[in-house]
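Thanks, everyone, for making the time this morning. I would like to walk through one model with you, slowly, and I will try to keep to what the coordinates themselves support.

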Amino acid sequence: MSKVSVAATNDFCPQTLFVYGTRNEDNSPDFGLFCWFSYCWLDQLGVICAIGGTKRTLANIRRNGVFSANLVVEDNLPLADYFGTADGRESGKMDIPVAWEASPELDVPVLVSSPVCFELEVAQEIATNQEDCVVFICRIRNTLKEESLMDETLTHAELLQRIAAVRTCHVDDYWSWDGRHLGKWHERAKEIKPDVEIGAAAQGN
């Protein structure tokens, strides 16, 4: 199969989306949408998270050293897209109906609508050549999973179908696990707040 050289791109490498939950200085919850997320091995399974841009989420993680990663699924995509659209530094960002609770291990905010959530503790921060881009190596201190997903009679295929995780690809599109187009970035946010404006640090706040 012949190939040609092109500019660096991840257009054909779908990425799973997560909403990161952190606490502000006043202990109130804040959520932001991210997709630079993968796994690594420490002395157990760990997580790699890259964050670019001067975001409130980044400041909160650096201050507290802990956060949650909440899987984005079709049912909560509008909410997740809102968290990736609204400016995290605006005081009214969290003035929307959102069901969340404090996690049992690290007391970080987790989304009730997410079927799988990780409680993460930063083990190491790695600087990159970009001043406002960092990589966090994290320990998974706890995993929260919706009880219905513990049904051992379900196959892996059935579980993936039931979870209905959302992925992003082609620069600014959302896709279902089985390849259906679910909208473009910042479109679904209007289902939460019709007049929401795209923040300066959109796609993660």
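I will take the strand pairings and the aromatic contacts in turn.

Please keep in mind throughout that what you see is a predicted model, and that every value I quote is computed from it.

Let me begin with strand 4, residues 37–41, which is joined to strand 5 by a hairpin through 3 residues. These two strands, the second of them covering residues 45–52, pair in the antiparallel sense over 5 bridges, and within that pairing Ser38 has Ile48 of strand 5 as its bridge partner. Strand 5 also pairs with strand 10, residues 133–145, again in the antiparallel sense and over 7 bridges, with Gly52 standing opposite Cys133 in strand 10.

From here we can turn to the rings. The structure holds 10 aromatic pairs, and one of them brings together Tyr20 and Phe37, whose ring centres are 6.5 Å apart and whose planes meet at 50°, so the pair counts as tilted. Tyr20 belongs to strand 2, residues 18–23, and Phe37 to strand 4, so that the contact links distant parts of the chain, 17 residues apart. Are these two residues buried or exposed? Tyr20 is buried, with a relative accessible area of 0%, and Phe37 is likewise buried, at 12%, both values falling under the 20% cut-off. Ring pairs extend the picture further, linking Phe18, Tyr20, Phe34, Phe37, Tyr39, Phe67 and Phe118 into a cluster.

Tyr39 deserves a separate word, as a member of that cluster that also lies in strand 4. Its relative accessibility is 40%, and Tyr39 therefore counts as partly exposed. Together with Trp41 and Leu45, Tyr39 makes a nonpolar surface patch of about 370 Å².

The other region I want to show is an open sheet of 4 strands, in the order 1-11-12-13, with antiparallel pairing. Its edge strands are strand 1, residues 15–16, and strand 13, residues 181–184, each of which pairs on one side only. Further in, strand 11, residues 166–169, and strand 12, residues 173–176, pair in the antiparallel sense over 4 bridges.

Which residue stands opposite Arg167 in strand 12? That residue is Trp175, while the charged end of the Arg167 side chain sits over the ring of another tryptophan, Trp177, 4.8 Å from its centre.

I will stop there and take your comments.

Methods:
Residues numbered from 1 in each chain as written. Predicted model: local features only at pLDDT ≥ 70, side-chain atom pairs only at ≥ 80, totals over all residues. Heavy atoms only, no water. Pairing = 2+ DSSP bridges. Phe/Tyr/Trp six-rings, centres within 6.5 Å; stacked < 30°, edge-to-face > 60°. Buried < 20%, exposed > 50% of the residue type's maximum accessible area, 1.4 Å probe, protein only. Lys NZ or Arg CZ within 6 Å of the ring centre and 35° of its normal. Patch = residues over 30% accessible without salt bridge, like charges linked within 9 Å, V, L, I, M, F, W, Y side chains within 5 Å. Areas by Shrake-Rupley, 256 points an atom, 1.4 Å probe, with all protein chains shown as cover. Salt bridge = Lys/Arg side-chain N within 4 Å of Asp/Glu carboxyl O.
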